Amino acid sequence: MKDYDDLEDQDSQSISFDFRGYLFKVLNLWKFVLICIGVAMLIAYFINVRKQNVYRLDSLISIENDQNPFFTANTSISFNWGGTSGKVGKVMTAIKTRTHNEIVVDSLQYYMDYLEEGKYRKIDIYKSAPFEFIIDKSKAQVLNYPVGIRFLNASEFEVFTAFEGKSVSTQTYGDKSKSTIEVPTDVFTKKFKSGEAIALPFLNGQIIVKPERSITPGAEYFLRFSNFDGVVNSYKSSVMITPVGTSAGSILNLQLDGHNKAKIVDYLNATSEILSKTELKRKNLYATNTIKFIDSSLAAVNVNLEDFTDEMNTFRRDNKVFDVSSEISQISEELRQFELEKQNEDSKLDYLNNLEVYLNTKTDYTNIAAPTSVGIEEGNVLGGVSKIVALAAERQNLEYTTKEGSGLFKELDRRIDSEKNVLLETIDATKETIGVRIRTLNSNIASLESKLSGLPEDEQQFLRIQRKLDLSQEAYDIYLAKRSEAAIVKAANISDITVIDEAKDIGGGLIGPNKTLNYMMGLMLGFFLPMLLIFIVYLLDSTIHGSDEIARLSKIPILGLVGKYRYKNNLVAFEKPKSAVAESFRAIRSSLQFIFKNKKTDSSSADTLMITSSVSGEGKTFTSINIATVYALSGKKTILLGLDLRKPKIFDDFNITNDKGVVNYLIGDDSFDSIVTHTHIENLDVIPSGPVPPNPSELLMSDKLKKLIGELKKTYDIIILDTPPLGLVTDALELTQYADATIFMVRLDYTKKGMLQLVNAKHRTGELKNVNYVLNFYRHKNNSNYGYGYGYGYGYGYGYGVYGNTYHEKDNQSIFKKIKGFLRRI
């Protein structure tokens, strides 16, 4: 149960995240993080200096129900202009319509840009250009390609350009049509004078030098034309409109962003002006239709008046009758009044009949004239007509922004039909009332005409002509008065849209680029991106980098540390006895004495040390040779036994062959004495592995190996077993029975963390006894090795070297090695 708990504890340690290790990894790479921050800040700087400034300006408009100053309660012609209800929404919608923005862009010619070469790009100079280009809208202009204008003097210039292809796209801004034309592929230049017509396939118009501006010879400017629809869409989406304050939404704020403040100012002011004109035109629609109706009626009455005047003149010339008695005149005057009233009622009835037919046959109700133009004062008729006209105008405005079939159209059509049905019923009732009046007037007229029937024929005819002439004259005067009144009301009318605060460049308005934000973003990205990269690398890194990781992953103690030392062979402890690496092996030898002393039962037999590792390349052979060397140099009779039968190595460093060795002894080809080799190192003998056998595991399990170890223990003081890697084959496990102590080699930055779990498992099950770690390629770092490993590294691995070179030799490194070492430390 205890072993199971230990296993669970070790596994939990292996999967937990070592935040302290990650922090030390970051601290170790602080130069990399600092470089990333510097690069990010440099990128932010170049972004800030290369980006154009973005400005935002605004203007305020008010939407009110402005009453005509000439409209009073006594005005005979009334126009129902409506209130502000619904107008705010209409205006906000109109500003975002394509139709409105087309008018603004076309009026300002914002499809044409005046450019000047800047440090990083061509800059829009708009009104600052010393010349004006009068565009010929009936001819084509090249799209999206800057055409150069180079001034030779104050009155002469040349057009220059160099097209990349053989054809370009053009647009004629008169009808907005597009086409493709052939252009010269080489450099094109042509001279012109100020005011002279420019007629080129890709540029058509005139350049007029502004008289108040001075021209610098050699100055270059550019004209660039853009697709009209593209420019309209960009402004359509850029203009922002929002209600202001608590004024029930009747005050609106217009905002626009851009790179040139003068262009923003002109666009906002033009938008307000065009909105006001459009609203006034819509507001005057009812009055305009009424004036047209009066004009048509006035023309007809004028014709009748001329005819009756001619008829009267002819009658008087032929009959010599110029007057009648006062009594007859009074009767005739009464008759004329009745006929005038009848004529007015007939006009009303005629208007209502025409209105009824119009409502039943037409769908556009915006052309209805005011009923008051013919004297109709019926409130229900007036209200019904004004409501239908207002709803029809609202539907017409909605067509610019909403697709046909929308629910908004259905709702408006439902309201229009409802008002139309009510109005038709009102018309029928009004027609009946007018019919009663006409019948009464006809009775009165017949009674008076009977009184005049006794007069002579010529006097009766004179009276009839006189009455018709008077009626026509009076009708003409009435229509003329109404027409004048309607024209005055219309002329004095003002738009419901008023500019409260027009757009103006008073300085400021800069909203971008946000340089501080860019620097902050650069700082954050420069810091967190390398942190993330280090985190990912650290998280995916499965190799061991320090003694602290071993202490965290395994409870097996660390016996010693061996620093990284490049030398021509493995005999460092013999040929470089004052080196730090040699001192490290002597430290390991001292630690082993305590282990052997505590574990040894027979003081007369030799100590056996097995050295293994997880995989090849971790320094197992290097350590075996040097530990054997330091034992031999201390006076111990030592033998190095090569039991890595699959990949023998130890013979090269001692200048011996691998023809005979352990394998020969185990298969019975050679005797013990014939396989032992005395080296040039005093007290050190070597038995190489010998030829690679086909069955190494079986040979190591044979009784002859046990017999060989027994013979060696009788002859030598210390036996060093160089074994195969534990993580690759099981040969090393067969040799643990002969070992009094085991060294498991861990090469930093090479050995995988998972291998320690294998060692832990073997140690817990008893397969590996008296095992200790030795760290190879150890490099002292104050910020990445701490705890147990740090103590050993300082005391044994590099303790003497800290205080100078009194006890250690120091190699003279080349400049290349120094640079390489510096880069590795980074």
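The following exchange between a trainee and a mentor examines a predicted model of a protein chain.

Trainee: How many helices and strands are there in the protein chain?
Mentor: The model is predicted, and its chain has 826 residues. Buried residues make up 44% of them. The secondary structure of the chain comprises 25 helices and 25 strands.

Trainee: Among contacts between residues at least 6 apart in sequence, what percentage join residues at least 24 apart?
Mentor: The count leaves out pairs that are less than 6 apart in sequence. Of the contacts that remain in the protein chain, the share joining residues at least 24 apart is 79%.

Trainee: Which helix gives the largest share of the largest nonpolar core?
Mentor: The largest nonpolar core has 63 residues, and those with the most contacts inside it are V105, F133, V159, I198, F202, L203 and F225. The largest share of this core is 7 residues. Those residues come from helix α7, residues 261-283.

Trainee: How many residues are in the other core, which lies apart from it?
Mentor: Members of this other core include L643, L708, A732 and Y773. It lies apart from the largest nonpolar core, and its size is 45 residues.

Trainee: Which residues does V159 touch, not counting residues up to four places away in sequence?
Mentor: V159 is one of the residues with the most contacts inside the largest nonpolar core. Its partners include I198, F202 and L203, which are also listed among the residues with the most contacts there. In full, V159 touches V147, G148, I149, F188, T189, K190, F192, I198, L200, F202 and L203.

Trainee: Are helices α5 and α6 roughly perpendicular or roughly parallel to each other?
Mentor: Helix α5 spans residues 98-108 and helix α6 spans residues 228-238. Their axes come within 9 Å and cross at roughly 115 degrees. An angle of 65 to 115 degrees counts as roughly perpendicular. The two helices are therefore roughly perpendicular.

Trainee: By class, how many residues in the contact of α5 with α6 are nonpolar, polar and charged?
Mentor: The crossing of α5 past α6 is right-handed. On the α5 side the contact is made by R98, N101, E102, V105 and D106, and on the α6 side by F228, D229, V231, V232, Y235 and K236. Divided by class, these residues are 5 nonpolar, 1 polar and 5 charged.

Trainee: Are α2 and α13 oblique or roughly perpendicular to each other?
Mentor: Helix α2, residues 19-28, packs with α13 at an angle of about 125 degrees, and their axes are 10 Å apart. That crossing is right-handed. Since roughly perpendicular covers 65 to 115 degrees and roughly antiparallel needs over 145, the relation of α2 to α13 is therefore oblique.

Trainee: Into which classes do the residues of the contact of α2 with α13 divide?
Mentor: From α2, the residues G21, Y22, K25 and V26 meet M531, I534, F535 and Y538 of α13. Their division by class is 6 nonpolar, 1 polar and 1 charged.

Trainee: Is I416 buried or exposed?
Mentor: I416 is found in helix α11, residues 407-451. Beyond its neighbours within four places in sequence, I416 is in contact with Y365, L391, A392 and R395. Its relative accessible area is 6%, and buried means under 20%. I416 is therefore buried.

Trainee: What is the relative accessible area of N776?
Mentor: N776 is found in strand β25, residues 771-778. Not counting residues up to four places away in sequence, N776 touches V562, G563, E618, G619, M745, V746, R747 and L748. N776 is buried, with a relative accessible area of 3%.

Trainee: Is N144 buried or exposed?
Mentor: N144 has a positive phi of about 60 degrees although it is not a glycine. It is found in the loop between β5 and β6. With a relative accessible area of 55%, N144 is exposed.

Trainee: Is Y126 buried or exposed?
Mentor: Y126 also has a positive phi, near 50 degrees. Its place is in the loop between β3 and β4. With a relative accessible area of 12%, Y126 is buried.

Trainee: Which residues does a cis peptide bond join?
Mentor: The proline concerned, P513, is in the loop between β17 and α13. Omega is about -5 degrees, and the cis peptide bond joins G512 and P513.

Definitions and conventions: Residues are numbered from 1 along each chain as its sequence is written. This is a predicted model: local features need pLDDT of at least 70, side-chain atom pairs count only at pLDDT 80 or more; totals for chains, interfaces and linings use all residues. Side-chain values use heavy atoms; hydrogens and water are left out. Axes are lines fitted to C-alpha atoms, for helices over the stretch in contact, and angles run from 0 to 180 degrees between N-to-C directions. Helices (H or I, at least four residues) and strands (E, at least two) are DSSP runs, numbered from the N terminus. Angles under 35 degrees count as roughly parallel, over 145 as roughly antiparallel, 65 to 115 as roughly perpendicular and the rest as oblique. A crossing is left-handed if the near helix is turned anticlockwise from the far one by less than a right angle, and right-handed if clockwise. Contact means heavy atoms within 4.5 Å. Ala, Val, Leu, Ile, Met, Phe, Trp, Tyr, Cys and Pro count as nonpolar, Asp, Glu, Lys and Arg as charged, and the others, Gly among them, as polar. Buried means under 20% relative accessible area, exposed over 50%, partly exposed in between (1.4 Å probe, protein chains only). A nonpolar core is a set of buried Ala, Val, Leu, Ile, Met, Phe, Trp, Tyr and Cys residues joined through side-chain atoms within 4.5 Å.
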